[in-house]
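Hi everyone, and thanks for making time for this. I'd like to walk you through a structure that may be new to you, so please have a look at it before I go on.

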Amino acid sequence: MSQQQRYSAVPGFAASPSARYTDDDEKAAPGTPGSYEMANVFDGGALPPAHRASLYSGDPFAESSSHLDSQHAYGSRPRLGSAGSSTDFAGAGAGAGAGALGMANSARALAHQNIPADELWAMDTPKAAYQVVPPTGMAKGRKRGLIVGGVLAALVIVAIIVAVVVTETNKSKDASEAQADAATANSTTLSSSDPANFTKDDRLHQVFWGFAYEPDGVILPDCTATQANVTRDIQLLSQLTTRLHLYGANCNETALVMQAVQDTKVNMSLWLAIYVDSDEGAFADQVTAITAALKTYGADNVEGILVGNEYILDAAGSVTSGTTYDAAVDFIANKTQYVNTTIQALSLGKDIPIGTADAGSVMSKTLASSVDSFAANVHPYFGGLAIDDAAVWTWEYFQTNDVDVADEASPVPAMFIAETGWPTGSMNASDASDGAGSPQGDASVANLQTFLDTFVCAANANGTKYFYFEAFDEPWKSIYGGVEPYWGLFDSDRNLKNVTIPTCD
């Protein structure tokens, strides 16, 4: 597959072409997703007081009306085909667009989940999974005589007894240390059987505008997600944010999350989602699942619905014009229109904006005119940025390539960042740095800390709406190689990584 440039240049940031990410780097062994059993929970008391954000002078994160005004409220908009619509799409209609855009091959079958904003594809010929090969035994020597043999046998028996004693002692010691480590990592516990009654982890602070979240086990066809695990995730994430962005509606994901919010009684708004590709049956199933969930739980805590995640990027590449691009936009526009009509028929008593999430590099006036909201994936790591420049670059990229472009549309869609973050590890050395040099470009916990320190509070201060990517490491993404499994603020066992959450005081 040919390389596609994901991010155009931003003035003042000159990432070299060698720093760009290519799908040729995505070569790694598939892994096995792990289960988790944790007790990171919150006591359900009053939410923390509103944080005060420090202001930064001399950079784009300093509070000013120029970009505060660019964050638009939701408004009603003419839909495709409706009276008063000013949208004029080039390219085919929904049916032809679906045919022209049937690019999702078998490699994409596993990509129905949240993948960081880069062109990521399952490898056609992934390497075999890593295996631990036990050492072979030593060859036996010939007998040297009855006496020698007897002595050796006695020595062997003594050695075995000693080894067993030492091994069992070490096992006990290791198990005790592991339990102690787990207890330290997961310092919050359930206070009772009531999901709404949980004890807060004092290391966590509710300072993130939003979080990107995908429950463990919502991958077709297995669908191993459980209500208990999703509920515990919501208890944990409620200590960091009041808003979540989901990625699809397969495997009962919508109902699981909405049930967890209801049971925990936390203050949590949701952006529901429908994953879109050429599979019309899967699309219909997800629409049905979301409508059923809305009928059951209502829409009080639903802020919007995102239809598609990087569909346009996957179909047309990192472009903003052309026949293929126009067809991809038309396809998404028709899908959002269909979802909007379906949701309106439920008479929920509120206007739910319907938009899409895609790479920050695909925004155009045409796209902006076709959706109520646009969520841009903007990753400084894939932009080849040094960590010290990452926060400012993220804001400038989003402002220049998404907000300013969308301002040309009428009405202007609501704009926010769907994904931004920094990975903490890599499956292979070739992807362990973004090209900016070490340690500034490394996928590391230290650089994650820097990104948290420089982006979160400053973004809050200037009114940038963002979903931090992401909540938890996802081992199943080892099929994509590189840094893909390691974007979580927590590891896959729901243990907070070795970072300090800013307080924004």
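Let's begin with the S-S bond of Cys457 and Cys504: the torsion about this bond is about -90°, so the disulfide is left-handed. What does this pair tie together? Cys457 sits in helix H11, residues 445-462, and Cys504 in the segment after strand E8 (466-468), so the disulfide links parts that are 47 residues apart in sequence. The two sulfur atoms are 2.0 Å apart. Please keep in mind that this is a predicted model.

Are these two cysteines buried or exposed? Cys457 is buried, with a relative accessible area of 7%, and Cys504 is buried as well, at 4%.

How many disulfides are there in the whole structure? A search finds two. The other one joins Cys223 and Cys251, with a sulfur to sulfur distance of 2.1 Å. Its torsion about the S-S bond is about -65°, so this disulfide is left-handed too. Cys223 lies in the loop between strand E1 (211-212) and helix H4 (227-237), while Cys251 lies in the loop between strand E2 (243-245) and helix H5 (253-264), so the bond ties together parts that are 28 residues apart in sequence. Cys223 has a relative accessible area of 31%, which makes it partly exposed. Cys251, on the other hand, counts as buried, at 16% relative accessibility. If you count the bonded cysteines along the chain, the pattern is 1-2, 3-4.

Since we have just met helix H4, let's stay there for a moment. H4 is mostly covered, with nine of its 11 residues buried. Among the buried ones are Val230, Ile234, Leu236 and Leu237, and also Arg232 and Asp233. What do the buried residues of H4 pack against? They pack against E1, E2 and H5. As background, an α-helix has 3.6 residues a turn, so residues three or four places apart point the same way.

Now for a step back to the whole chain. The protein chain has 11 helices and eight strands. Of its 505 residues, 52% are buried. The accessible surface comes to about 21,600 Å², and carbon and sulfur atoms account for 55% of that. If you take the contacts with a separation of 6 or more, 80% of them are between residues 24 or more positions apart.

Next, please find strand E4, residues 302-309. Eight of its eight residues are buried. Which strands does E4 pair with? One of its partners is strand E3, residues 269-274, which runs parallel to E4 and is joined to it by five bridges. There, Leu272 stands opposite Ile305 in E4. To get from E3 to E4, the chain passes through helix H6, residues 280-297, and this β-α-β crossover is right-handed. E4 also runs parallel to strand E5, residues 354-359, with three bridges joining them. In that pairing, Leu306 stands opposite Gly355 in E5.

Just past E4 we come to Glu310, in the loop between E4 and H7. Glu310 has a positive phi of about 60°, although it is not a glycine. Glu310 is buried, with a relative accessible area of 4%. Then comes Tyr311, which has its place in helix H7, residues 311-316. Tyr311 is also buried, at 7%. The C-alpha atoms of Tyr311 and Asp358 are separated by 6.7 Å, with these positions 47 residues apart along the chain.

Let me finish with a few backbone details. Most residues other than glycine have a negative phi, and most peptide bonds are trans. Where else can you find a positive phi in a residue other than glycine? Arg494 has one, near 70°. Arg494 lies in the segment after E8 and counts as buried, at 3% relative accessibility.

As for cis peptide bonds, the bond from Ser438 to Pro439 is cis, with omega near 5°. You will find Pro439 in the loop between strand E7 (414-420) and H11. The bond from Phe469 to Glu470 is cis too, with omega near 0°, and Glu470 is in the segment after E8.

One last stop is Thr464, in the loop between H11 and E8. Thr464 counts as buried, at 3% relative accessibility, and its side chain makes a polar contact of 2.5 Å with the side chain of Asn462.

Thanks for listening, everyone!

Technical notes:
Residues are numbered from 1 along each chain as its sequence is written. Side-chain values use heavy atoms; hydrogens and water are left out. A disulfide is a pair of cysteine sulfur atoms within 2.5 Å. Helices (H or I, at least four residues) and strands (E, at least two) are DSSP runs, numbered from the N terminus. Buried means under 20% relative accessible area, exposed over 50%, partly exposed in between (1.4 Å probe, protein chains only). Two strands pair if DSSP finds at least two bridges between them. A crossover is right-handed if, with the strands pointing away from the viewer, the path from the first strand over the helix to the second runs clockwise. Contact means heavy atoms within 4.5 Å. Accessible areas come from the Shrake-Rupley method with a 1.4 Å probe; for residues, only the protein chains shown count as cover. A polar contact is a pair of N or O atoms within 3.5 Å; within protein, one must be able to donate a hydrogen and the other to accept it, and residues adjacent in sequence count only if both atoms are side-chain atoms.
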